[in-house]
Amino acid sequence: MNNNFSLSHRKEEPEKGILYIVGTPIGNLNDISQRALNILSNVTLVACEDTRQTKKIMSKFNISNKLISFNKHNSSIKITKMVKDLKEGKSMAIVSDAGMPGICDPGEDIVKGAKIEGINIICIPGACAAITALVSSGIPSSSFVFEGFLPKKQIDREKILLEISKNEKTTIIYESPKRLKKLLNELKEFCGGDREIMVARELTKKFEEHVGNNINDVVEFFREKDIIGEITIVLKGIKKRDLNLDKFIMKKDLQDLINAGLSLSAASKYLAKKNGLKKSEIYNLI
Ligand code: SAM
């Protein structure tokens, strides 16, 4: 795989043989960048998830260029042809219906396939619902986990929900409006109703809405509503355990148990089991 190359961005014309990953708006068409418009106008062809969606952007900005469809149903067939075109010196852009290709959208496979074939990739960054929701949530953004859509199969879903509930990092989840209530109730069950959350609906669009503050409030807010539009959820991580406080409490518990007549060994064994620690770790407290 070829990972090393350099390029001058002084000349903004698309370069031959390069695959451009172009971010497009997640609702408000004015969020498209000048570089994105330039690339979409001047590459040899634009591969898009749905030509009807991409035509909306193209026609708003008076761009006419050759479009080909590229989606999860035809990707394996299209990749070979796209790589061949790139090797023959064509330039190409990939766009998804909205936001960044590759983020819960087609794009990842073609980038992987193209890189294996030695094709150079340039990303023209654009809006992404996950990042837009995160930075407007007020929930810690320096370290986070992006889950995308949770699995539908209940056993897989519960496994991820359990992981999310224990994670100290912020979690970002995509969800469809028709499944939002179910997911909020699951988050309440696994994380407790007090956990901070923000549900961002219709980001960048006319009826943009941010709903918080904790899971209880959000469940209540949506309870009687018919939910429509696009949804991204930002969930605060679990509070970091204060190890000094834990030690202080365990030491006190140990003393109480000994005062109540238990031997040091029995009290340590009991506390070790209760706190998921080794007996020696409890001994070390005193
Ligand atoms: N590639 C896109 C990106 O970069 O964000 C995501 C595509 S994924 C198929 C679509 C999901 O993204 C939606 O179901 C929703 O969860 C989220 N999403 C997209 N646009 C949104 C918006 N305007 N407001 C809130 N969430 C949005």
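Start at the ligand: 19 residues surround it, and Met100, Asp105, Tyr174, Ile231 and Thr232 come nearest. Keep in mind as you look around that this is a predicted model.

**Stop 1: the ligand's polar contacts**

Keep the ligand on screen and add Tyr174. A polar atom of the Tyr174 side chain lies 2.7 Å from an oxygen atom of the ligand. Now select Leu203, where a backbone N or O atom is 2.9 Å from a ligand nitrogen. Ala98 also uses its backbone: one of its polar atoms there is 3.1 Å from a nitrogen atom of the ligand. How much of the ligand does the protein bury? On its own the ligand exposes 570 Å², and the protein buries 91% of that.

**Stop 2: the pocket and its strands**

Switch on a surface if you like. The ligand takes up the space of the largest pocket. To see which elements give two or more residues to the shell around the ligand, colour strand E7 (170-175) and strand E10.

**Stop 3: strand E8**

Next, select residues 197-201, which form strand E8. Is this strand buried or exposed? Five of its five residues are buried, so E8 is largely enclosed by the rest of the structure. In a regular strand, side chains alternate between the two faces of the sheet. Turn E8 to view each side: Ile197, Val199 and Arg201 are buried on one, while Met198 and Ala200 are buried on the other.

Now bring in the partners of E8. Strand E10 (residues 231-235) runs antiparallel to E8 and is joined to it by five bridges. Strand E9 (residues 209-211) also pairs with E8 in the antiparallel sense, over three bridges. Click on Arg201 to see both pairings from one residue: Arg201 stands opposite Ile231 in E10, and its bridge partner in E9 is Glu209. You have met Ile231 before, among the residues that come nearest the ligand.

**Stop 4: backbone details in the loops**

Most residues other than glycine have a negative phi, and most peptide bonds are trans. The last selections depart from that pattern.

- Thr204 sits in the loop between E8 and E9, and its phi is positive, near 70 degrees.
- Cys104 lies in the loop between strand E4 (92-95) and helix H4 (108-116). Its phi is positive too, at about 55 degrees, and Cys104 is partly exposed, with a relative accessible area of 36%.
- Asn213 belongs to the loop between E9 and helix H8 (215-222). Select it together with Gly212: the peptide bond from Gly212 to Asn213 is cis, with omega near 5 degrees.

Note on methods
Residues numbered from 1 in each chain as written. Predicted model: local features only at pLDDT ≥ 70, side-chain atom pairs only at ≥ 80, totals over all residues. Heavy atoms only, no water. Buried < 20%, exposed > 50% of the residue type's maximum accessible area, 1.4 Å probe, protein only. Helix = DSSP H or I, 4+ residues; strand = E, 2+ residues; numbered from the N terminus. Pairing = 2+ DSSP bridges. Near = heavy atom within 4 Å. Polar contact = N/O pair within 3.5 Å; in protein donor to acceptor, adjacent residues only side chain to side chain. Areas by Shrake-Rupley, 256 points an atom, 1.4 Å probe, with all protein chains shown as cover. 1 Å grid on protein atoms, 1.4 Å probe; cavity = no way out; pocket = protein on both sides within 12 Å on 5 of 7 lines; lining within 4 Å. Sits in = over half its atoms within 2 Å of the grid points.
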